[in-house]
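Me: I would like to go through this structure step by step. Could we begin with one residue and work outwards?

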Amino acid sequence: MTQTKKKLYALLVAVDKYQATVPVMPGCRFDSLAGCVNDAQSMLSYLKQEEGFDLEVKFLKNEEATKKAVTDSLKTHLGQAGENDVALFYYSGHGLQEHADPELWKEETDGKLECLICYNKEDEPCLLA
């Protein structure tokens with residue numbers, strides 16, 4: 001009897017190249033990084049060596065990794081995972097905290113939300129809380 005492998009849906013997101021001229025929030029700019037894309041590439045290499053899964057990967061890097069592209073991929077790519085599958089989200093890039101709504105303070109005891117900073121295009125939101 002042939003045993004089928006579980007599917008592993010992986011969404012890898014890596015941002016090295018932030019636009020320093022585009023503020024993430026008022027008064028807050030981020031310099032580019034070195035190594036995030038390489039780290040995600042290393043993760044991809046590791047996942048490809050894993051023989052226990054049927055691997056389905058989506059890799060967004062730098063300019064591809066806008067907030068819209070990431071949120072769409074969370075829904076459409078990772079959303080394909082079924083009950084017996086695995087969904088993996090991997091992110092390498094800048095992070096930030098923003099003030100949380102007081103309604104969430106029971107869950108966020110420091111009063112702040114942790115955010116990922118997606119690629120920051122002019123006039124497009126980039127904080128993913």
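Me: Is Val-13 buried or exposed?
Reply: Val-13 is buried, because its relative accessible area is 0%. Buried means under 20% relative accessible area, exposed over 50%, and partly exposed in between, with a 1.4 Å probe and protein chains only.

Me: Before we go on, where do such values come from?
Reply: This is a predicted model, in which local features need pLDDT of at least 70 and side-chain atom pairs count only at pLDDT 80 or more, while totals for chains, interfaces and linings use all residues. Residues are numbered from 1 along each chain as its sequence is written, and side-chain values use heavy atoms, with hydrogens and water left out.

Me: Which element holds Val-13?
Reply: Val-13 is found in strand E1. Strands (E, at least two residues) and helices (H or I, at least four) are DSSP runs, numbered from the N terminus.

Me: And what does Val-13 touch?
Reply: Leaving aside residues up to four places away in sequence, Val-13 touches Leu-60, Ala-65, Val-70, Phe-89, Tyr-90, Tyr-91 and Ser-92. Contact means heavy atoms within 4.5 Å.

Me: How many residues of E1 are buried?
Reply: Seven of the nine residues of E1 are buried, so this strand is largely enclosed by the rest of the structure.

Me: Which strands pair with E1?
Reply: E1 pairs with strand E2 (residues 53–61) in the parallel sense over nine bridges, and seven bridges join E1 to strand E3 (residues 86–92), again running parallel. Two strands pair if DSSP finds at least two bridges between them. As examples, Lys-6 has Phe-53 in E2 as its bridge partner, and Val-13 stands opposite Tyr-91 in E3.

Me: Which helix joins E1 and E2 in a β-α-β unit?
Reply: Helix H1 (residues 36–49) makes a right-handed β-α-β unit with E1 and E2. A crossover is right-handed if, with the strands pointing away from the viewer, the path from the first strand over the helix to the second runs clockwise.

Me: Let us turn to the interior. How many residues are in the largest nonpolar core?
Reply: That core has 21 residues, and those with the most contacts inside it are Val-13, Val-24, Leu-96 and Ile-117. E1 (6–14), E5 (112–117) and E6 (127–128) are the elements that give two or more residues to this core. E1 gives the largest share, three residues. A nonpolar core is a set of buried Ala, Val, Leu, Ile, Met, Phe, Trp, Tyr and Cys residues joined through side-chain atoms within 4.5 Å.

Me: What does Val-24 touch, then?
Reply: Val-24 touches Phe-30, Leu-96, Ile-117, Asn-120, Cys-126 and Leu-127, not counting residues up to four places away in sequence. There is also a second, separate core of eleven residues, which includes Ala-10, Cys-36, Leu-47 and Tyr-90.

Me: You mentioned E5 and E6. In what order do they stand in their sheet?
Reply: Three strands form an open sheet in the order E4-E5-E6, with antiparallel pairing. E4 (95–99) and E6 are the edge strands, each pairing on one side only. E4 and E5 pair over five bridges, and the bridge partner of Gly-95 in E5 is Leu-116.

Me: One last residue: where is Asn-62 found?
Reply: Asn-62 is found in the loop between E2 and helix H2 (67–76). Asn-62 counts as buried because its relative accessibility is 9%. Its contacts, apart from residues up to four places away in sequence, are Ala-14, Val-15, Asp-16, Lys-17, Val-37 and Tyr-119.
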